[in-house]
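Visitor: I would like a close look at a single part of this protein, the sheet and whatever packs around it. Please take me through it strand by strand, and then outward to the surroundings.

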Amino acid sequence: MLGVEKINAFAVAMLDKADLDDLLWSIAQSVGEAMGFDDCVIYLLRGEVLVQMAAFGVKNPKDRQLLEKIEIPVGEGIVGTVALTGIAEIISDTTCDSRYIEDQFSGLSELAVPVIYEGKTIAVFDSESAQKNAFAENDKDLMQVIANIASPRIASAKYHRRLRTTQLRLKRSNTELEARMAELERNQQSMVQSEKMASVGLLAAGIAHEINNPLGFSLSNMTMLKEYAQEISSVRQGLIDNKNIEEKDKAALSSE
């Protein structure tokens, strides 16, 4: 297959892939099949670490599974060096390169190409072969073109994943906030009800106090009034008795 046809096949394979995982697995498969590689692994940059995300060949035994996913710090190994420098490399004999990191598939030659977006490496396409000198400069150039085509798509998919993650976090935060607001409203209603009950209690106590004071005064005066009434009755009775005595005395004097 001619180089242009390979690039076109790769570009078409990416068209309907919006999700990051879908896109990376599609790229790995498309590159591996179009280039006729034994192996193709895509490393995605996360902070200062390159993480295996998708693969074609030995690393992908079935479906979308990776055998013992590994992570490589930027600057370490061949893949980490390519990520750091942003320069593609062909290693014709990995046994002569101390940077080579053994994985499940111990290749004898390796091709690593950076995926650069806005001047920064965001991923690395890596392929290994069971044979020495398996990769040519033409393979490297073609892989770099493919990486350049994939770059904005990968960056966009990463952005949309971050956006969705942020939206989900905001949604969870809003849900938590609504729950807290509802709890606060319930607490406020409970406090208002408690204050109302307290106010009713104070009002009842005030009314009772206002009733008890004059009632107590009245009861106290009633006792005194009863005593006064008894004294008045006693004085009245005394006056009546004295009047009766005087009348008896007058009657006695008249009869003499």
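Guide: In this predicted model, strand β1, residues 39-46, and strand β6, residues 120-129, run antiparallel and are joined by four bridges. Within this part of the sheet, I42 has F125 of β6 standing opposite. The other pairing of β1 is with β2, again in the antiparallel sense, and here the two strands are linked over eight bridges. R46 of β1 stands opposite V49 in β2, and the two strands form a hairpin with two residues between them. One residue of that turn, G47, has a positive phi of about 70°.

From β2 the sheet goes on to β3, and these two strands run antiparallel with three bridges between them. V51 has E71 in β3 as its bridge partner. The loop between β2 and β3 contains E68, a residue that is not a glycine and yet has a positive phi of about 45°. Most residues other than glycine have a negative phi. E68 counts as exposed, at 62% relative accessibility.

Taken as a whole, the sheet is open and holds six strands in the order β3-β2-β1-β6-β5-β4, with antiparallel pairing. Its edges are β3 (71-73) and β4 (89-91), and because each has a single partner strand, one side of each is left without a neighbour in the sheet. From one strand to the next, the twist averages 25°.

Moving outward to the helices, α2, made of residues 20-35, lies across β1, β2 (49-57) and β6, and its direction makes an angle of about 55° with β2. Helix α3, residues 77-85, is mostly covered, with seven of its nine residues buried. The buried residues in α3 are G77, I78, V79, G80, T81, V82 and A83. What covers them includes β1, β2, β3, β4, β5 (109-117) and β6. Just after this helix, G86 takes a positive phi of about 75°.

Helix α3 also has a part in the internal space of the model. A search of the whole structure finds two cavities of 30 Å³ or more, and the largest cavity holds about 90 Å³ of space. Its lining is made up of 13 residues, and those that lie nearest its centre are Y43, I72, I101, E110 and E128. The elements that give two or more residues to this lining are α3 and β6, with α3 supplying the largest share, three residues.

Beyond β6, the loop that leads to α4 contains N133, another residue that has a positive phi, of about 55°, although it is not a glycine. N133 is exposed, with a relative accessible area of 59%. Helix α4 covers residues 137-255 and includes D139. D139 is buried, at a relative accessible area of 16%, which lies under the 20% cut-off. When its neighbours within four places in sequence are left aside, the residues in contact with D139 are M35, L111 and A134.

The cysteines deserve a separate word. C40 is buried, with a relative accessible area of 0%, whereas C96 is exposed, with a relative accessible area of 66%. The count of disulfides comes to zero, where a disulfide would require a pair of cysteine sulfur atoms within 2.5 Å.

To place these parts in the whole chain, the protein has four helices and six strands, and from the N terminus on, its elements run α-α-β-β-β-α-β-β-β-α. Of the 256 residues in the protein, 30% are buried. Among contacts with a separation of 6 or more, residues 24 or more positions apart account for 55%.

Key
Residues numbered from 1 in each chain as written. Predicted model: local features only at pLDDT ≥ 70, side-chain atom pairs only at ≥ 80, totals over all residues. Heavy atoms only, no water. Pairing = 2+ DSSP bridges. Axes fitted to C-alpha atoms, helices over the stretch in contact; angles between N-to-C directions. Contact = heavy atoms within 4.5 Å. Buried < 20%, exposed > 50% of the residue type's maximum accessible area, 1.4 Å probe, protein only. 1 Å grid on protein atoms, 1.4 Å probe; cavity = no way out; pocket = protein on both sides within 12 Å on 5 of 7 lines; lining within 4 Å. Points joined across faces, edges and corners; volume = space filled by probe spheres on them.
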